[in-house]
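Load the model in your viewer and keep the selection panel at hand. The stops below go from the whole chain down to single residues.

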Amino acid sequence: MDDVATEFSGDEFVSSKNKSITFDEARTLIGHAFTGTAMAPADPFSAWLNEPLPFKDETDRVFTGLFILGFPIYDHQKQGGIYLGERNADGKLISCILLKEYDPNAKSWFASCTSSWNSFLCFLHLRSVHGVPDLFAKSELGPHKTKLLSNVNNAEKQMAVFHKKHGPPVKHWYLVMVGVDPDCQAKGHGKKMMQRLHDLADARGVACYLECAGIKNPAFYGKLGYREVTEETLTDPSNETRSFTGKIMIREPGVSAAKK
């Protein structure tokens, strides 16, 4: 994917090529986009994962959300993922895609083993650079920490099954996470970044795959040429009353974005 990162870069666009976007930058931006802020709502999927946890305040909720999202972001990066994004005139990263080439015929056992090691390395990094949220530091919150980690692990396993089942049968690009700084949303930055990516995908004849939820997100991707393949429901093995339904969407190469 290095060639994609190189071609994507230019003008205000940047990538993880030569560390133009670092893990900490990507984690912070994507984390805030998914976890939400006091002024912007959380992504529906992130909100579902975190309920009902005993956060002491909004700062604790956001900090814990960023901490947790760091693990899958770090793991996908270490397993070949790249960051693509846009900086504003002040050099601040305001949008970011975590992109990975997905091969449906690749063996998964090695990736599973690697993920465990990556989680350990990520924890060491986050602890030393950013600190650890109360959920991971206070023993009395241990059951809640265990529950959250179980939610995340179960969701990742189920999503992997959905991807294998509904994704293109050949190599394609997996948009693992897409985020725009909450202060910069609804200003065209996400659309511009996605169009840049789609130009590269079309030139290579590659399909793009993603998962999303809610009302705004599917509508946004639909205007960019993605079609809804199906809906799938994530379940909570420890609580049959908790579930979350999301959409699987695919963009075939050469599909035109809808006009306003």
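How many positive and negative side chains does the protein chain have, and how far apart do the centres of the two sets lie? In this predicted model, there are 31 of each sign, with the two centres 1 Å apart.

**Whole chain.** Select everything and show it as a cartoon: the protein chain has 9 helices and 7 strands. Its radius of gyration is 18 Å, close to the 18 Å from the globule rule for 260 residues, so the chain is as compact as a globular protein of that length. Along the principal axes, the C-alpha atoms fill a box of roughly 55 × 40 × 35 Å. Switch to a surface: about 13,200 Å² is exposed, and carbon and sulfur atoms supply 55% of that area. Of the 260 residues, 47% count as buried.

**Strand β2.** Now select residues 82-87, which form β2. Here 6 of the 6 residues are buried, so the strand is largely enclosed by the rest of the structure. Show the side chains: I82, L84 and E86 point one way, while Y83, G85 and R87 point the other way.

**Neighbours of β2.** Add residues 13-15, strand β1, which runs antiparallel to β2 and is joined to it by 3 bridges. Then add residues 93-102, strand β3, also antiparallel to β2 and joined to it by 6 bridges. Centre on G85: V14 stands opposite G85, and G85 also stands opposite C96 in β3.

**The hairpin.** Finish between β2 and β3, where 5 residues separate the strands of the hairpin. Pick G91, which takes a positive phi near 85 degrees.

How values were computed
Residues numbered from 1 in each chain as written. Predicted model: local features only at pLDDT ≥ 70, side-chain atom pairs only at ≥ 80, totals over all residues. Heavy atoms only, no water. Helix = DSSP H or I, 4+ residues; strand = E, 2+ residues; numbered from the N terminus. Rg over C-alpha atoms; globule rule 2.2 N^0.38 Å. Buried < 20%, exposed > 50% of the residue type's maximum accessible area, 1.4 Å probe, protein only. Areas by Shrake-Rupley, 256 points an atom, 1.4 Å probe, with all protein chains shown as cover. Lys, Arg positive; Asp, Glu negative; His and termini not counted. Charge placed at Lys NZ, Arg CZ, Asp CG, Glu CD. Pairing = 2+ DSSP bridges.
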